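Let's take a walk through this structure, starting with a single side chain and moving on to the places where the chains meet. Keep the viewer open as you read.

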Number of protein chains: 2
Amino acid sequence: MTRTHRAVETVNVTPGTTVVLAGWVSRRRDLGSLIFVDLRDRSGIVQLVFDAERGTAKSAMEQANQLRSEYVLTVRGTVAAREERAVNPKLATGSIEVVVTEVEILNGSKTPPFYIQNEVDVDETVRLRYRYLDLRRPEMQHMLMLRHRVNQSLRSYLNGQEFVEVETPILTKSTPEGARDYLVPSRLQQGSFYALPQSPQLFKQLLMVSGLERYYQFARCFRDEDLRADRQPEFTQLDIEQSFIPLDVFQSMMEQMLQGLFRDVLGVEIAGPFQRMSYAEAMDSYGSDKPDLRFGMPIVNLEEAVRGTSFRVFEDALAAGGTVRALVAPGCAGYSRKQVDELTKFVATYGLKGLATVAVAEEGIKSSIAKFLSEDELHNLVGAAGAKTGDLILIAAAGISVVRQALGALRLKLGEDLALIDENTFKFLWVVDFPLLSYDEDEGRYVAEHHPFTMPKWEDIPLLETEPGRVRAQAYDLVLNGYEIGGGSMRIFQRELQERMFRALGFTMEEARKQFGFLLDAFEYGTPPHGGIAFGLDRLVMIMGHGKSLRDCIAFPKTSSGTDLLMNAPSAVSTSQMDVLGLNLRKPNPEQPVV
Amino acid sequence: MTRTHRAVETVNVTPGTTVVLAGWVSRRRDLGSLIFVDLRDRSGIVQLVFDAERGTAKSAMEQANQLRSEYVLTVRGTVAAREERAVNPKLATGSIEVVVTEVEILNGSKTPPFYIQNEVDVDETVRLRYRYLDLRRPEMQHMLMLRHRVNQSLRSYLNGQEFVEVETPILTKSTPEGARDYLVPSRLQQGSFYALPQSPQLFKQLLMVSGLERYYQFARCFRDEDLRADRQPEFTQLDIEQSFIPLDVFQSMMEQMLQGLFRDVLGVEIAGPFQRMSYAEAMDSYGSDKPDLRFGMPIVNLEEAVRGTSFRVFEDALAAGGTVRALVAPGCAGYSRKQVDELTKFVATYGLKGLATVAVAEEGIKSSIAKFLSEDELHNLVGAAGAKTGDLILIAAAGISVVRQALGALRLKLGEDLALIDENTFKFLWVVDFPLLSYDEDEGRYVAEHHPFTMPKWEDIPLLETEPGRVRAQAYDLVLNGYEIGGGSMRIFQRELQERMFRALGFTMEEARKQFGFLLDAFEYGTPPHGGIAFGLDRLVMIMGHGKSLRDCIAFPKTSSGTDLLMNAPSAVSTSQMDVLGLNLRKPNPEQPVV
């Protein structure tokens with residue numbers, strides 16, 4: 001019996017048609033002489049009826065008796081309209097059923113450790129250990145399909161714009177900048193190592209030197225970092241690079257690509273052009289370089305409003321070079337002491353010692369610092385904060401980076417608590433004008449904020465030697481709903497400027513040559529102006545699919561300790577495998593087989 | 001100046017139109033007051049003219065004087081028809097030129113180590129070290145584009161057939177079967193290792209258990225083998241797996257995909273269905289499991305024809321269980337002693353001690369073994385070989401595997417020497433009915449010819465315990481012009497049969513469970529019948545693009561010692577990198593930096 005239809009296709013078939021279906025038993029109800037089976041395949045579910053009176057062969061009735069959940073079947077049957085009262089409007093195929101004439105059980109199944117359905121009340125480690133069953137659940141199948149369609153839509157745009165997909169190596173060279181590399185010992189050159197790429201950055205720039213002009217790749221990248229809750233040791237980025245296209249044109253191409261993506265895959269229209277905001281403004285107004293602009297509530301600066309008041313905390317903060325800033329929480333004027341204490345506790349985790357409050361209640365202004373300020377000063381403060389009746393002003397006074405971090409986080413918390421966020425909105429934002437360099441206290445030198453090939457803004461280049469910290473980069477992040485989904489820059493394409501950049505990073509030219517010599521060499525042979533971007537595909541899919549974690553968007557993810565619970569990797573390897581690599585373990589692995 | 005056209009697009013523009021172009025100086029001819037520059041971009045070449053009399057600004061004339069090969073430019077100019085006598089029919093844009101009004105030199109260039117043109121007379125190591133310049137050559141750009149279009153066409157077919165692309169992990173688990181794994185030491189779990197996948201075999205089977213039904217992936221695969229001339233440590237395969245589709249239907253889908261590919265990318269129609277041949281017949285008739293069927297000249301069996309003759313060499317071979325077989329080389333009856341000696345020397349490298357010859361010349365039969373055979377026996381032999389006047393019969397007598405290998409290789413050599421192969425033909429062949437197992441003398445056990453999940457032919461299953469060597473597999477290779485471009489099988493999907501297979505391989509169930517326990521577990525939860533194929537993408541592109549080696553089809557390949565000459569990988573890593581992994585080198589690498 002060869003399948004003629006998928007389950008949900010039966011609803012479009014003329015009743016009376018014979019079909020052959022294949023799939024899994026989702027549910028079975030045995031009414032004695034009548035057996036109902038929900039048959040599930042990739043498309044969905046259809047109800048099978050085993051009924052001797054309606055033509056089911058005796059042998060098929062007997063087989064139907066043996067069926068259990070997750071058995072694999074092929075059936076031949078006739079599509080029939082259901083009686084009015086039996087119609088199930090919740091099911092795509094709820095108006096019909098398939099009366100089985102013949103069945104073949106292709107495989108049995110043990111009882112699965114959890115139900116194959118959308119909501120499962122089971123620990124994630126069990127889902128990961130039985131990932132092959134977890135992926136059978138409709139919401140996980142949906143996520144796999146979504147990811148596939150995202151991939152197709154993005155490729156279709158890029159192919160249409162004559163970007164060329166090129167595969168770059170996975171076995172490559174360890175580089176000193178950036179995160180920690182995963183290493184791969186070489187057997188043919190014992191004592192030497194390949195590294196897995198953190199990104200194809202160098203290769204994509206070399207492809208521009210090659211004159212390819214427009215490149216893309218869905219590239220696997222690797223970072224051996226201490227894994228936070230929602231990080232993966234390997235991840236996929238859509239990597240794009242182009243030559244000769246001015247920054248603004250390139251950005252609007254990327255906007256078109258994403259508008260097309262949301263239209264194709266979600267049927268959602270995204271307005272363009274996307275909003276742009278400088279890094280400085282994002283940090284000032286949202287305390288974050290990836291502000292979630294689905295709601296307002298920016299951080300307001302109260303320095304001028306409180307200057308000269310007699311409140312010591314404000315005075316001390318300003319005198320120490322710090323700041324006084326606030327959030328205006330709408331409709332929270334009535335917050336209880338307990339509610340405010342909770343917020344205070346929340347910001348304490350970001351190093352902020354307290355929150356001063358000013359409530360603009362119907363009955364007048366109430367403030368935790370009323371006794372330190374005159375009535376005029378209080379009114380002045382409310383005016384400077386732009387607060388309206390019903391609002392609660394939450395004021396932080398401390399060093400600027402603590403204030404930004406604390407109020408930025410508090411803003412997100414309040415946005416959620418106060419239901420200010422529309423979950424069905426997609427709000428894109430370009431964050432631009434990042435600093436090129438930042439000073440690393442540990443290393444005692446400037447380090448690249450993005451990477452050492454990022455182009456400074458033309459007008460800031462003279463500052464490279466005099467005030468490196470003030471140089472802004474031709475770099476940009478694309479932010480969606482408060483997540484950084486992409487980032488990139490225009491690149492340095494002239495050797496002389498690249499050498500100045502390395503000097504600013506404290507590299508001697510000898511060190512730079514040792515690590516990046518081939519790139520410096522390449523830059524001598526006619527490098528075009530170029531730049532690009534990389535999108536985090538896993539995260540983009542997560543946001544589009546309303547996934548709860550990156551793990552939900554990756555077919556076979558790893559835990560936060562980097563473990564694949566399904567395969568049991570990493571694992572011990574045999575001593576002979578170590579021998580051919582010329583390596584010793586410092587502490588033997590008790591599970592290591594001696595071969 | 002922002003580019004308005006690519007170089008070759010200028011030929012479709014109305015003369016008189018102003019265009020802005022960007023690209024590289026391919027060639028510059030200085031005639032004093034007149035300077036010609038061939039400007040090259042990704043699309044091709046167009047001639048620029050700097051001519052003060054035709055409107056080139058003085059400053060542009062001065063800049064034109066500075067131009068050298070591979071300088072990067074933007075120019076503004078006017079498209080003009082060339083005079084009749086200046087038309088260059090070899091150039092796509094040979095009927096026009098662009099009279100430059102304005103030029104901007106974006107970057108200079110040193111003199112490249114080799115010419116940026118199709119034929120370069122330079123050692124491949126130089127090309128690989130300067131790969132970014134090598135890839136600038138038109139034939140290499142063509143190969144990158146071809147690969148991109150191959151990729152697109154294959155994806156388009158698979159997407160249309162509802163195959164879903166899924167990415168599977170690169171950091172996975174070491175498995176004992178197959179080639180040697182590349183290992184990746186874990187830092188968070190010191191003493192344990194990930195392995196890079198030799199193929200996504202297990203994952204794609206698990207996706208079938210997940211009910212995905214149709215999967216594909218352009219998968220990076222890794223094998224730490226001693227690299228022969230044309231192998232790469234990492235390579236790309238198009239990996240496909242499906243459930244519920246019968247073998248013959250699946251094979252014809254793959255044929256449609258490839259027919260579409262050759263139509264889309266090369267404009268070549270491939271007739272279907274593709275020829276099928278059993279492994280046994282391929283070995284018998286062509287001495288190879290991947291016969292090149294662009295020409296005939298099969299191996300003929302002369303055992304019956306020579307049995308009972310008095311020639312000791314034939315008699316001894318047959319008595320020892322060997323064979324007597326021959327090739328019939330058309331038009332070679334006149335081969336000199338020296339020419340035959342050369343062929344004899346050639347087959348000696350395959351362990352064959354000599355070749356007996358029978359030439360069917362116009363003037364009669366001449367044979368190196370005439371004195372051992374009667375005239376009747378000679379005529380009988382000529383008849384059995386099917387030789388015609390003008391043919392030369394080349395006879396081998398030895399053990400069967402030596403005869404097959406030697407005559408198989410000799411056939412390919414003669415096919416080339418005698419120009420029997422049409423280089424523009426694409427000849428596909430399915431080789432089927434492979435043996436499931438082969439006996440490994442070293443290990444003293446049977447090993448899987450494909451992998452341990454290959455389904456036996458139904459009718460041969462009972463032989464698994466009695467005559468394992470005779471069991472044929474539901475496995476198939478796809479051969480194109482004598483190269484294996486793909487291979488796959490239907491898989492074992494029932495646990496009981498899988499366990500019998502492991503026993504046939506000499507694994508205790510405990511060993512099997514340790515390595516493949518998760519797969520054996522998965523098979524208990526309703527695994528559908530499934531199977532698939534994997535295509536070697538690098539090789540397919542090489543054949544389609546008439547490339548000389550796999551390295552020509554890979555943007556950044558490695559040498560036969562696994563070295564990336566551009567990046568200088570693998571390389572020494574710092575002691576601190578070894579420290580965090582808990583590893584020691586047995587022999588220190590002299591280049592290891594102490595950090």
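## A glutamine with two polar partners

A polar contact here is a pair of N or O atoms within 3.5 Å; within protein, one of them must be able to donate a hydrogen and the other to accept it. Keep in mind that this is a predicted model. With that cut-off in hand, look at B:Gln198: a polar atom of its side chain lies 2.6 Å from the backbone oxygen of B:Ala179. The side chain of B:Gln198 also makes a polar contact with the side chain of B:Asp181, again listed at 2.6 Å.

Where does B:Gln198 sit in chain B? You'll find B:Gln198 in the loop between β8 (193–195) and α5 (201–209). Despite being in a loop, B:Gln198 counts as buried, because its relative accessibility is 12% and the limit for buried is under 20%.

## How the two chains meet

Now zoom out to the contact between chains B and A. Each chain puts in its share: 124 residues from chain B and 124 residues from chain A. Together the chains bury about 11,100 Å², with 55% of that on carbon and sulfur atoms. B:Tyr525, B:Met567 and B:Arg586 supply 8% of the area chain B buries against chain A, more than any other three residues.

On the polar side, the count between chain B and chain A is 84 residue pairs in polar contact, both residues at pLDDT 80 or more. Helix α4 (residues 138–160) of chain B gives the most to the side of chain B that touches chain A, with nine residues. By class, that side of chain B has 60 nonpolar, 34 polar and 30 charged residues.

The backbone joins in as well. Strand β23 (residues 583–585) of chain A and strand β23 (residues 583–585) of chain B pair in the antiparallel sense over three bridges. Within that pairing, A:Leu583 stands opposite B:Leu585 in β23(B).

## Salt bridges between and within chains

How many salt bridges are there between chain B and chain A? The count is 20, while a search of the whole structure finds 114 over all chains. One of the pairs between the chains is B:Arg6 with A:Glu162, whose side chains meet at 2.7 Å, N to O.

Another is A:Arg147 with B:Glu167, also at 2.7 Å, N to O. A:Arg147 lies in helix α4 (residues 138–160) of chain A and B:Glu167 in the loop between β6 (164–165) and β7 (183–185) of chain B, so the pair joins two chains. Both A:Arg147 and B:Glu167 are buried.

For a bridge inside one chain, try B:Arg127 and B:Asp552, where the closest N and O atoms are 3.3 Å apart. This pair links distant parts of the chain: B:Arg127 is in helix α2 (residues 124–129) and B:Asp552 in the loop between α16 and α17 (575–581), 425 residues apart. B:Arg127 counts as buried at 12% relative accessibility, and B:Asp552 is buried too, at 13%. Compare B:Glu225 and B:Arg231, a salt bridge at 3.1 Å: B:Glu225 is partly exposed at 24%, and so is B:Arg231, at 27%.

## Helices tucked inside chain B

Helix α16 (residues 537–544) of chain B has seven of its eight residues buried, so the rest of the structure largely encloses it. Among the buried ones are B:Leu537, B:Leu540 and B:Met544, along with B:Asp538. After α16(B) comes B:His546, with a positive phi near 50 degrees.

In helix α15 (residues 509–522) of chain B, pick out B:Ala512. Is B:Ala512 buried or exposed? It's buried, with a relative accessible area of 0%. Leaving aside neighbours within four places in sequence, B:Ala512 is in contact with B:Phe502, B:Phe507, B:Gly517 and B:Leu520.

## Strands worth a look

In chain A, five strands form an open antiparallel sheet in the order β12-β13-β16-β14-β15. The edge strands, β12 (300–301) and β15 (364–367), each pair on one side only. Two bridges join β12(A) to strand β13 (residues 323–329), and A:Asn301 has A:Arg325 as its bridge partner in β13(A).

Over in chain B, β18 (residues 437–440) and β19 (residues 445–448) pair in the antiparallel sense over four bridges. B:Leu437 has B:Ala448 as its bridge partner in β19(B). This hairpin has four residues between the strands, and B:Gly444 takes a positive phi near 65 degrees.

Terms used
Residues are numbered from 1 along each chain as its sequence is written. Chains are lettered from A and ligands numbered from 1 in the order in which they are written. This is a predicted model: local features need pLDDT of at least 70, side-chain atom pairs count only at pLDDT 80 or more; totals for chains, interfaces and linings use all residues. Side-chain values use heavy atoms; hydrogens and water are left out. Buried means under 20% relative accessible area, exposed over 50%, partly exposed in between (1.4 Å probe, protein chains only). Contact means heavy atoms within 4.5 Å. Buried area is the accessible area (1.4 Å probe) that two parts lose on being put together, summed over both. A salt bridge is a side-chain nitrogen of Lys or Arg within 4 Å of a carboxyl oxygen of Asp or Glu. Ala, Val, Leu, Ile, Met, Phe, Trp, Tyr, Cys and Pro count as nonpolar, Asp, Glu, Lys and Arg as charged, and the others, Gly among them, as polar. Two strands pair if DSSP finds at least two bridges between them.
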